[in-house]
Amino acid sequence: SGERFCMLSAMDREKEKFGKRKYEQGVSLEYFCESFRNFAAYELKLYYDIEDIRRFVSGLAVSKMLILQGMSGTGKTSLAHALGTFVDNPSVVIPVQPVWKERSDLIGYYNEFTKRFNETLLLEKMYEANYSKDMYVTVLDEMNIARVEYYFAEFLSLLELPNAEQRYLEVVSDKWESDPQSLVEGRIKLPDNMWFIGTANNDDSTFAISDKVYDRAMILNLDTKCERFAAPKTARRPVSAEQFTELVSVALKEYEISRRNRKRLEALDKYLIDHFHITFGNRIMKQIRQYIPVYVSCGGDELKALDDILSKKIMRKLETQNPIYLRNSAEGLLAYIDDLFGTDKMPLCKEYIHRLQRNA
C-alpha cells in the first residue's frame, strides 16, 4: 500500500469511533478516590489504604509522570493497572528491558529493509489518545532496570513544557505523503490525556533513579500491604481527561494552601538554605501548591499532604549531604520541625531524617 505506518494509518480510517464515549457526570475527587478504592477491592481483590489512593490521585493531578516504588509484592503495577480498568480504558503495561537506551526502544524504528516502521504498542496508544478524550495510563514496569534518563529523556523534557500543544516527539526525520494524518512532519503529539506510571524496585539489579527524574515526577511509596476490607459493589467510572483536569482546577481554587502553612514553608526553606544549602526551588514549590489542594479535595488533611510531599521532595535532598555533618545536624532539624509544625505532626519527614541519620 506504500504506507510505512500500517497501524497508525488504520486508526485514521477508524478515528470516528474514538469520540463517542459517554462519561460519568457529577464526580468529585473524593468520590473518585473512594469509588476507585472500593472498585479495586470488590472487583479486582486489590486492597489499598485510602491515604495511598489520595496520594496516587493527587500525584496524577500534579504530573504526567508518577513513580510507584517500594518492596516487591505491595501492588505497584496492580494499582496502575487498576486505574485503567476503573476508568474503563485498560492500561498499557510496557515491560522495560535492561538494554534500553533511547526513545526508539519505546516508540519503535524505521526498518530500511522492509520499508516499514516497526510500531510499538506505546506508539499506537499515543496516536489513539490524540483522537480520544479518555484517560490513558501507560505503565513502565520495572522502569529502573535500565537508566530512565536515557530512554525516557525526551519524554521528560516535553512533559516540562507548560503548553501541551507544543509537546511533539520526533518519530521519523522525514515526511511521506502516505504518512498518518496526525503525524506532523514526522512528529507525534505527546497526548495531554496520557499518564506515565513507572514502577521501581530498589535492589542490586536496578539503577538508581536520578534527581532529574525524581524532581520532575511525583512519587508514591508502597511499602506495606493493606489489610483486606469489605467493599461495596462498585461499577467502573468512565471519566474523561478533561473532567479530571477540571476537578483539579476547582480544587486549586477551593483549597488553596492556608496562609499559616505558606509561612511555615518559607521558614523551613530558609532553615534548610542556612544549615544545609538546599532549597525548595520553583519546580518543587509549584508541585507543592498543586498537590496539597488536590489532596484535601480528595478528602485528606492539609498537614498530612504537606508532610507527605516534603518527605519525598525535600528531605530526599538531604541524601547529598556529608554523612558526618548530617548525623551531627539531624537533631537540630528534627527539633526545628517540631517547633514549626507541632510535636509529632510530621511523622513521614521525621522518619526519613531518622533513617538518613542511622545510615550516615
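Here are a few worked exercises on this structure, which is a predicted model.

**Exercise 1. Cysteines**

Work out how many disulfides the structure holds, and why Cys349 is not part of one.

*Solution.* Start with the chemistry: a disulfide is a covalent bond between the sulfur atoms of two cysteines. The cut-off to apply is 2.5 Å between the two sulfurs. Now take Cys349 and look for its closest cysteine sulfur, which turns out to sit in Cys298, 20 Å away. That's too far for a bond. Run the rule over the structure and you end up with 0 disulfides.

While you're there, check how the cysteines sit. Cys349 is buried, at 1% relative accessible area. Cys6, on the other hand, comes out at 28% and is partly exposed.

**Exercise 2. Salt bridges at the start of the chain**

Find the salt-bridge partner of Arg13, then say which parts of the chain the pair ties together.

*Solution.* First, the partner: Arg13 bridges to Glu3, with 3.3 Å between the closest N and O atoms. Next, place both residues. Arg13 is in helix α1, residues 6–13, and Glu3 is in the segment before α1, so the bridge ties together parts 10 residues apart in sequence. Last, look at accessibility: Arg13 is exposed at 58%, whereas Glu3 is buried at 18%.

Now do the job again for Arg4: which aspartates does Arg4 bridge to, and where do they lie?

*Solution.* Take Asp174 to begin with. The side chains of Asp174 and Arg4 meet in a salt bridge at 3.0 Å, N to O. This pair links distant parts of the chain, since Arg4 is in the segment before α1 and Asp174 is in the loop between β6 (168–170) and β7 (187–189), 170 residues apart. Then move on to Asp179, where the closest N and O atoms of the bridge to Arg4 are 2.9 Å apart. Asp179 also belongs to the loop between β6 and β7, and here the separation from Arg4 is 175 residues.

How do these side chains sit, buried or exposed? Arg4 is buried, with a relative accessibility of 2%. Asp179 is buried as well, while Asp174 is partly exposed at 37%.

For the wider count, the structure has 28 salt bridges. Some join into a network: Arg21, Asp88, Asp134 and Arg236 are linked this way.

**Exercise 3. The β3–β4 hairpin**

Describe how β3 and β4 pair, and sort the side chains of β4 by face.

*Solution.* Begin with the pairing. Strand β3 (residues 108–111) runs antiparallel to β4, and the two share 4 bridges. For a concrete example, Tyr109 has Asn118 in β4 as its bridge partner. Between the strands of the hairpin there are 4 residues, and Lys115 has a positive phi near 60 degrees.

Now for the faces. In a regular strand the side chains alternate between the two faces of the sheet. Strand β4 (residues 116–119) shows it: Phe117 and Glu119 point to one face and are buried. Arg116 and Asn118 point to the other face and are not buried.

**Exercise 4. The surroundings of Ser297**

Which residues does Ser297 contact, setting aside neighbours within four places in sequence?

*Solution.* Place the residue first: Ser297 lies in helix α12, residues 281–297. Check its accessibility next, which is 16%, so Ser297 counts as buried. Finally, list the contacts, with those sequence neighbours left out: Leu29, Glu30, Ala251 and Tyr255.

Key:
Residues numbered from 1 in each chain as written. Predicted model: local features only at pLDDT ≥ 70, side-chain atom pairs only at ≥ 80, totals over all residues. Heavy atoms only, no water. Buried < 20%, exposed > 50% of the residue type's maximum accessible area, 1.4 Å probe, protein only. Salt bridge = Lys/Arg side-chain N within 4 Å of Asp/Glu carboxyl O. Pairing = 2+ DSSP bridges. Contact = heavy atoms within 4.5 Å.
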